[in-house]
Amino acid sequence: MPDDDASGESREAFARDLRRACSESGFFYLKPPKSLFGEEENEAIFEAAKSFFALSMEEKMKMDYANSPQFRGYVSLGLENTRGKIDAREQVEFGVHSAPKRRKDMTHFYERLIGENQYPSNEFEETMEKFIDRMDAISRQLTRYLALSLELEETYFDYMFAEQPNMQMKICKYPIAIDGGESSFGVGPHTDTSFVSILLQDDVGGLQVEIEKDAWIDATPIEGYFVVNIGEMLQIMTGGYYKATPHRVLSPTSKSIDENKARLSIPYFWNPRLDFVAKVDGEITKKGFSTAIEERSETSNENRIINAYGENAFKSLARSHPKVFAKHHPDLLMRSDGTIEKKKS
Ligand SMILES: O=C(O)CCC(=O)C(=O)O
Ligand SMILES: [Fe+2]
């Protein structure tokens, strides 16, 4: 990704490359400018990730996910699912760190996602907040290039994020599978609810992309590069021209890596404001970019994408963590298509 002071020519070339990648596969490798993210930042975040997972179970459980109505904190192995199947990973989830609202002051249930992160130490918190700042800057710059790639004003998408992007991020560890192979998912096939997702991965591999229906290819790790994929929000806005492509993670096997290793990954989800509602954007489709969503392999008929971002995000979290949903939100009911309503009392 060109720096701010890059020539007009290299900015345009990058925007063209982006359009091709986003419309063809919905996945690409991204190298941010060194001023935003270099080796030092990369090392710091992986060191933090490793030191977190090395903590004792007792320490990790002090930030138990089950204690968080906002779906944040530590998820131990085997507690999460994708489409009803257990995911073989442990992870910590973070979001925008701010005071929760009182329920009686809320107008929408998705405001329950506003709240505090759980951190094991001040030092860890500092590292994460620094990383989040860098990722915020990378995301905002990428968002401008995404606008340029669609021949829009570069600030075209800025209003979606403004002061309150509902970013989410995780650090994930995928252990070696007992049985391994195709049957063992670190995380099952899914699309992301984001605008775009920007992922750092170590050198173990395992991430796969559904390039065509039932055809999966490896997103092989390349040092110094992020893997970026389009999320459901941008897919909706472009009428499916930019694709939220299904992806999954196969568990490492003892054949692929040495016994003491595991895959580490750090996905950052660049999301709009909670109250953002996505719709097909006429400015985009009138340029003839649109592809009817039905024309391409449908992501999944089990996953109904909800245009209201906050509801879509809540659905995805609640569905992956039904026990946490039941514990903290017993007054809400999730219908089988993922839409949520208040229970009648
Ligand atoms: O860990 C990875 O490589 C991918 C994770 C992912 O797709 C997700 O958490 O949405
Ligand atoms: Fe994902």
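These exercises with worked solutions deal with a predicted model.

**Exercise 1. The shell of ligand 1**

Task: Find which residues surround ligand 1, and sort them into nonpolar, polar and charged.

Solution:
- Step 1. Start with the list. Ligand 1 is surrounded by R89, K170, Y174, H190, D192, L199, L207, H247, V249, R263, S265 and F269.
- Step 2. Sort the list by residue type. The shell holds 5 nonpolar, 3 polar and 4 charged residues.
- Step 3. Place the shell on the fold. Ligand 1 takes up the space of the largest cavity. The elements that give two or more residues to its shell are β6 (168-174), β12 (247-250) and β13 (263-270).
- Step 4. Pick the main contributor. With 3 residues, β13 gives the most to the shell around ligand 1.

**Exercise 2. Polar partners of ligand 1**

Task: Determine how far an oxygen atom of ligand 1 is from a side-chain N or O atom of R89, then do this for K170 and R263. Then state what share of the ligand's accessible area the protein covers.

Solution:
- Step 1. Take R89. An N or O atom of its side chain is 3.2 Å from an oxygen atom of ligand 1.
- Step 2. Take K170. Here a polar side-chain atom and an oxygen atom of ligand 1 lie 3.0 Å apart.
- Step 3. Take R263. The distance from a side-chain N or O atom to an oxygen atom of ligand 1 is 2.4 Å.
- Step 4. Turn to coverage. On its own, ligand 1 has 290 Å² of accessible area, and the protein covers 96% of that.

**Exercise 3. Three residues of helix α2**

Task: Locate E41, E47 and A48. Then describe the surroundings of each.

Solution:
- Step 1. Place them. E41 lies in helix α2. E47 lies in helix α2 as well. A48 belongs to this helix too, which spans residues 39-53.
- Step 2. Follow the side chain of E41. It reaches the backbone nitrogen of G38 at 2.8 Å. It also makes a polar contact of 2.9 Å with the side chain of R134.
- Step 3. Check the C-alpha distance from E41 to F131. These residues are 90 apart along the chain, yet their C-alpha atoms are separated by 7.4 Å.
- Step 4. Move on to E47. Its relative accessible area is 47%, so E47 is partly exposed. The C-alpha atoms of E47 and T127 are separated by 9.8 Å, with their positions 80 residues apart along the chain.
- Step 5. Finish with A48. Its relative accessibility is 8%, so A48 counts as buried. The C-alpha atoms of A48 and Y241 are 37 Å apart; along the chain the two are 193 residues apart.

**Exercise 4. Buried residues with polar side chains**

Task: Decide whether K243, S149 and S76 are buried or exposed. Find the polar contacts of K243 and S149.

Solution:
- Step 1. Recall the cut-off: buried means under 20% relative accessible area.
- Step 2. Apply it to K243. This lysine sits in the loop between α5 (232-237) and β12. It counts as buried because its relative accessibility is 15%. A polar atom of the K243 side chain lies 2.5 Å from the backbone oxygen of S23.
- Step 3. Apply it to S149. This serine is in helix α4. It counts as buried because its relative accessibility is 1%. The side chains of S149 and Y242 are joined by a polar contact of 2.6 Å.
- Step 4. Apply it to S76. This serine is found in the loop between β2 (73-75) and β3 (81-82). Its relative accessible area is 14%, so S76 is buried. From S76 to A88, 12 residues apart in sequence, the C-alpha distance is 9.5 Å.

**Exercise 5. Positive phi outside glycine**

Task: Give the phi of A162 and of D214. Then place both residues and classify their exposure.

Solution:
- Step 1. Read A162. Its phi is positive, about 40°, although A162 is not a glycine. A162 is in the loop between α4 (122-149) and β6.
- Step 2. Classify A162. Its relative accessibility is 34%, so it counts as partly exposed.
- Step 3. Read D214. Its phi is also positive, near 65°, in a residue other than glycine. D214 is in the loop between β9 (207-212) and β10 (215-218).
- Step 4. Classify D214. Its relative accessible area is 61%, so D214 is exposed.

Methods:
Residues are numbered from 1 along each chain as its sequence is written. Chains are lettered from A and ligands numbered from 1 in the order in which they are written. This is a predicted model: local features need pLDDT of at least 70, side-chain atom pairs count only at pLDDT 80 or more; totals for chains, interfaces and linings use all residues. Side-chain values use heavy atoms; hydrogens and water are left out. A residue is near a molecule or strand if one of its heavy atoms lies within 4 Å of it. A polar contact is a pair of N or O atoms within 3.5 Å; within protein, one must be able to donate a hydrogen and the other to accept it, and residues adjacent in sequence count only if both atoms are side-chain atoms. Accessible areas come from the Shrake-Rupley method with a 1.4 Å probe; for residues, only the protein chains shown count as cover. On a 1 Å grid over the protein atoms alone, a cavity is a set of points where a 1.4 Å probe fits but cannot get out, and a pocket is an open set with protein on both sides within 12 Å along at least five of seven lines; lining residues have an atom within 4 Å of a point. A molecule sits in a cavity or pocket if more than half of its atoms lie within 2 Å of its grid points. Helices (H or I, at least four residues) and strands (E, at least two) are DSSP runs, numbered from the N terminus. Ala, Val, Leu, Ile, Met, Phe, Trp, Tyr, Cys and Pro count as nonpolar, Asp, Glu, Lys and Arg as charged, and the others, Gly among them, as polar. Buried means under 20% relative accessible area, exposed over 50%, partly exposed in between (1.4 Å probe, protein chains only).
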